[in-house]
Amino acid sequence: ATPDRTSTLVHLSLETDVLYLLISNMGTLSFEGRHDAVQCLSSLVRRPRSSDVEGGSVTPERSVIEEYILTTHPDTLSILVQGYSTTDTALACGQLLRQLLKYRAVHAAFLGRYRSIYINI
C-alpha cells in the first residue's frame, strides 16, 4: 500500500473510532474476530511517527495513535487492563496493550495510573 493510502486508512479509522470500538467491544467478538481485530489494530498502532501526517494538531514527539489514546479515549488503557480478567479476551487485550506501551507517552500514562498496583505486588 502506498503511504497516502495507509495514512488515509489510519485517519479514517481514528475519525470513525474503529480503534476504540473494537477495543471496547472485544468481549463480544468471536475468537477469530478477536484475532482479526488484534491484527488490524496492531497494524494501525505500528504506524510511523506523526512526521508523515499532514496538517494535524499532533506534536512531533507524539504519534497520531498516542494522541488518540491519551486525549480522545484515555480510558482505553483501563479497558485493556480489565480485559485481562476474562480468559476470552486476555490474550487479545494483552497483545494490544503491549503494542501501545511501546509509545513513550502511553507508557508514562500507564505507569502513572497503575504504578501503585505493581509496586504493592
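Let's start in the middle: the largest nonpolar core holds 27 residues, and L19, I65 and I69 are the ones with the most contacts inside it. Seven helices each put two or more residues into this core, namely α1 (3–15), α2 (18–24), α3, α4 (64–72), α5 (76–82), α6 and α7 (104–119). Bear in mind while you look around that this is a predicted model.

I69 makes a good place to stand. Leaving out residues up to four places away in sequence, I69 touches L19, P74, T76, L77, L100 and V106. Two of the names there come back elsewhere: L19 is among the residues with the most contacts in the core, and L100 is one of the buried residues of α6.

Now zoom out for a moment. The protein chain comes to 7 helices and 0 strands, so from the N terminus on it simply reads α-α-α-α-α-α-α. Of its 121 residues, 37% count as buried. Take the contacts between residues at least 6 apart in sequence, and 60% of them join residues at least 24 apart. On the outside, the chain exposes about 7,300 Å², with carbon and sulfur atoms supplying 56% of that.

Back inside, have a look at α6. Because 8 of its 11 residues are buried, α6 is largely enclosed by the rest of the structure. The buried ones are A90, A92, C93, G94, L96, L97, Q99 and L100.

One neighbour of α6 is α3. Helix α3 (residues 31–45) and helix α6 (residues 90–100) pack at an angle of about 5°, with their axes 10 Å apart. Angles under 35 degrees count as roughly parallel, and α3 and α6 are therefore roughly parallel to each other. On the α3 side, the contact is made by R34, V38, L41, S42 and V45, and on the α6 side by A92, Q95, L96, Q99 and L100. Sorted by type, the residues of this contact divide into 6 nonpolar, 3 polar and 1 charged. The spacing of those residues suits a helix: an α-helix has 3.6 residues a turn, so residues three or four places apart point the same way.

Finally, step off the end of α3 to R46, which sits in the loop between α3 and α4. With 51% relative accessibility, R46 counts as exposed, since the cut-off is over 50%. Even so, R46 touches Q99 and Y103, not counting residues up to four places away in sequence. R46 and Q99 are 53 residues apart in sequence, but C-alpha to C-alpha they are 7.6 Å apart in space. Q99 also belongs to the contact of α6 with α3.

Definitions and conventions: Residues numbered from 1 in each chain as written. Predicted model: local features only at pLDDT ≥ 70, side-chain atom pairs only at ≥ 80, totals over all residues. Heavy atoms only, no water. Axes fitted to C-alpha atoms, helices over the stretch in contact; angles between N-to-C directions. Helix = DSSP H or I, 4+ residues; strand = E, 2+ residues; numbered from the N terminus. Parallel < 35°, antiparallel > 145°, perpendicular 65-115°, else oblique. Contact = heavy atoms within 4.5 Å. Nonpolar A, V, L, I, M, F, W, Y, C, P; charged D, E, K, R; others polar. Buried < 20%, exposed > 50% of the residue type's maximum accessible area, 1.4 Å probe, protein only. Core = buried A, V, L, I, M, F, W, Y, C linked by side-chain atoms within 4.5 Å. Areas by Shrake-Rupley, 256 points an atom, 1.4 Å probe, with all protein chains shown as cover.
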